[in-house]
Amino acid sequence: MQITSTALPGVLLIAPDRYPDARGFFSETFREEWLGAQGIDRRFVQDNHSLSREAGVVRGLHFQIPPFEQAKLVRVAAGAILDVAVDLRRGSPSFGRHVATRLSAAEWNQIFIPEGFAHGFCVLEPDTQVLYKASRYYSAAHERGLLWNDPALGIEWPVGNGRAVLSDKDRHHPTLAELPAVFE
């Protein structure tokens, strides 16, 4: 397994080993001790799985506020996404900055996103399945969002405003400037 830092402190790219043979392959996609060796001590309590039927689906940018803030470990089981994490920690040198990376079943890569970040992705291939672990349970009362195409974020999404397939909720999240300080 290879673990690589990104431009945002705490956000890590992870490439699990795959062991192919005539039947297919075997891979350990998560071991708590791997993250622990990198100083990341998280207990994951919930697994989530999404299916997006068409390319151009955008999900996010989502986060939960304290005391239900979540760290996430994200991977793709089928297809591909552009995965995005935005630093929402006020006072952080990287506040408002983002990391965007391609995750795919073919590349067999993952991203770890700590608490204090908004997360979202754009589906690049039809019938894409995304799996992610969360460090806290989902809480509707603590769920929040950040507008996916806020120009202040400078995210280069692979779809434009008119082509993105969004939920009604994701169309109406506040911009970074409108977002109250929730992560100090």
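The following paragraphs describe the pockets and cavities of a predicted model, one enclosed strand and one buried threonine.

Residues are numbered from 1 along each chain as its sequence is written, and side-chain values use heavy atoms, with hydrogens and water left out. Because the model is predicted, local features need pLDDT of at least 70 and side-chain atom pairs count only at pLDDT 80 or more, whereas totals for chains, interfaces and linings use all residues.

Open and enclosed spaces were examined on a 1 Å grid over the protein atoms alone: a cavity is a set of points where a 1.4 Å probe fits but cannot get out, a pocket is an open set with protein on both sides within 12 Å along at least five of seven lines, and lining residues have an atom within 4 Å of a point. Grid points are joined across faces, edges and corners, and a volume is the space filled by probe spheres set on the points.

The largest pocket holds about 280 Å³ of space. Its lining comprises 17 residues, with Ser50, Arg59, His62, Phe121 and Tyr132 nearest the centre. Two or more lining residues come from each of strand S5 (46–52), strand S6 (58–64), strand S11 (117–123) and helix H2 (168–171); helices (H or I, at least four residues) and strands (E, at least two) are DSSP runs, numbered from the N terminus. Five nonpolar, seven polar and five charged residues make up this lining, where Ala, Val, Leu, Ile, Met, Phe, Trp, Tyr, Cys and Pro count as nonpolar, Asp, Glu, Lys and Arg as charged, and the others, Gly among them, as polar.

The second largest pocket contains about 160 Å³. Among the residues lining this pocket are Gln46, Asn48, His62, Tyr132 and Glu143. S5 and S6 each supply at least two lining residues, and S6 gives the most, with three. The lining has three nonpolar, five polar and two charged residues.

Three cavities of 30 Å³ or more are found in the whole structure. The largest cavity encloses about 70 Å³; 13 residues line it, and Phe63, Gln64, Gln70, Lys72 and Phe117 are the closest to its centre. S6 and S11 are the elements that give two or more residues to this lining, which has six nonpolar, four polar and three charged residues. The second largest cavity, of about 40 Å³, is lined by residues including Met1, Ile14, Trp34 and Gln110.

Strand S8 (residues 80–87) is largely enclosed by the rest of the structure, because eight of its eight residues are buried, that is, under 20% relative accessible area (exposed, over 50%; partly exposed, in between; 1.4 Å probe, protein chains only). Ala80, Leu82, Val84 and Val86 point one way from S8, while Ile81, Asp83, Ala85 and Asp87 point the other way. Strands pair if DSSP finds at least two bridges between them. S8 is joined by seven bridges to antiparallel S9 (residues 98–104), in which His98 is the bridge partner of Val86. Seven bridges also join S8 to S11, again antiparallel, and Gly120 of S11 is the bridge partner of Val84.

Thr128 belongs to strand S12 (residues 128–134) and is buried, with a relative accessible area of 1%. A polar atom of the Thr128 side chain lies 2.6 Å from the backbone oxygen of Glu125. Beyond residues up to four places away in sequence, Thr128 contacts (heavy atoms within 4.5 Å) residues including Ser50, Ala80, Ile81 and Val123.

Definitions and conventions
A polar contact is a pair of N or O atoms within 3.5 Å; within protein, one must be able to donate a hydrogen and the other to accept it, and residues adjacent in sequence count only if both atoms are side-chain atoms.
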